[in-house]
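Please open the model in your viewer and keep the sequence panel beside it. The tour below moves from one selection to the next and says what is found at each stop.

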Amino acid sequence: MIVLSQAPESIATQMAAQIAQILGLQVYTLSSNFGLSELKAAICSTEATFGVWLGEPPQSDRYKTVYEALLTLNVRLFNRPDQYAIARQFHPIYDRLQDLTPADILTPPTAQAWTEVRQQANLRYGESLSGILQGVALQDQPLEKPLGRAFRVYLYHQTIVTYAYSWAADDPLKWLTVEEEEAIFAVALEAATRIDLPLLAIDIGQQQCGRWVVLEVGDAQFSLLCQMSMIPFWGELERLSVQL
């Protein structure tokens with residue numbers, strides 16, 4: 001398995017690439033707007049293998065172009081271009097997951113984007129952190145409401161690879177009981193069975209009423225968090241890729 005690390009790198013991407021290299025994976029660092037000639041000059045793989053592309057999520061056409069170029073180098077990204085394209089759209093996935101989202105299933109859904117789903121969730125959060133953490137959010141984007149209790153679960157073909165609390169802050173709500181962990185995994189696994197995206201990241205949040213719901217779905221390659229456990233992530237992916 002190889003790793004493509006695209007600059008400029010986020011802290012999460014840097015950490016993931018460094019740990020992958022420590023674990024013995026071949027890591028190729030590419031420029032932010034790398035072309036196909038740079039890609040082909042960097043990769044010298046001769047045996048068929050899987051690849052993971054780290055960086056900012058590209059447009060669907062760009063992903064397809066890179067995917068096809070990698071195939072000529074005997075490298076296959078875990079997610080096909082058509083699968084990645086669906087992950088970039090909101091409604092194709094949301095329509096399959098409505099009963100797992102915060103929306104009341106007895107009323108017509110109103111959300112038009114994952115940000116709206118999160119806003120409607122009425123998540124549980126630590127009161128003591130509501131003022132301190134105002135304005136911190138996933139992907140370094142501002143958040144109008146205090147942080148909600150949410151976890152990002154990484155899966156490959158309905159196998160849980162690892163998971164992490166969505167926020168880097170030292171929030172006491174990041175600790176889970178065995179029952180809570182099982183509840184999160186149950187929602188994530190059910191969602192994964194409905195989505196044709198092998199390597200994916202699913203955000204699961206806990207509402208004030210205690211219910212665990214899906215907040216967002218994305219391609220795991222472009223959804224890494226600094227606080228996630230990188231060693232099991234790479235180790236499990238490497239193990240699973242060898243079995244394919």
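**A hairpin and its sheet**

Begin by selecting G205 and V213, since G205 stands opposite V213 in β8. This is a predicted model, in which local features need pLDDT of at least 70 and side-chain atom pairs count only at pLDDT 80 or more, while totals for chains, interfaces and linings use all residues. Residues are numbered from 1 along each chain as its sequence is written, and side-chain values use heavy atoms, with hydrogens and water left out.

Extend the selection to residues 199–206, which are strand β7, joined to β8 by 7 bridges in an antiparallel run. Helices (H or I, at least four residues) and strands (E, at least two) are DSSP runs numbered from the N terminus, and two strands pair if DSSP finds at least two bridges between them. The two strands form a hairpin with 5 residues between them, and in the turn G210 has a positive phi of about 100°. G210 counts as partly exposed, because its relative accessibility is 29% (buried means under 20% relative accessible area, exposed over 50%, partly exposed in between, with a 1.4 Å probe and protein chains only). Now add R124: it is 86 residues from G210 in sequence, yet the C-alpha atoms of the two are 7.8 Å apart.

Returning to β7, colour its residues by burial: 8 of its 8 residues are buried. L199, A201, D203 and G205 point one way from the strand, whereas L200, I202, I204 and Q206 point the other way.

On to β5, which pairs with β7 in the antiparallel sense over 7 bridges; one place to look is V153, whose bridge partner in β7 is I202. Showing the whole sheet gives 4 strands in the order β6-β5-β7-β8, an open arrangement with antiparallel pairing. β6 (159–165) and β8 (212–219) stand at the edges with a single partner strand each, so one side of each is left without a neighbour in the sheet.

**Helices across the sheet**

Next select residues 178–193, helix α7, which lies across β5, β6, β7 and β8 and runs at about 135° to β7. Helix α8 (residues 230–243) lies across β5, β6 and β7, running at about 170° to β6. Contact here means heavy atoms within 4.5 Å, and axes are lines fitted to C-alpha atoms, for helices over the stretch in contact, with angles from 0 to 180 degrees between N-to-C directions.

**The parallel sheet**

Which strands make up the other stop, the open sheet with parallel pairing? They are 4 strands in the order β2-β1-β3-β4. Within this sheet, β1 (residues 2–6) and β3 (residues 49–54) are joined by 4 bridges, and I2 has G51 as its bridge partner in β3.

**Aromatic rings**

Finally, show the side chains of Phe, Tyr and Trp, whose rings (for Trp the six-membered one) pair if their centres lie within 6.5 Å, planes under 30 degrees apart counting as stacked, over 60 as edge-to-face and the rest as tilted. A search of the whole structure finds 18 such pairs. One of them is F90 with W114, edge-to-face at 5.0 Å centre to centre and 80° between the planes. F90 lies in the loop between α4 and α5 and W114 in helix α6, so the pair ties together parts that are 24 residues apart in sequence.

End at the aromatic cluster formed by F34, W53, Y63, Y67, Y84 and F222.
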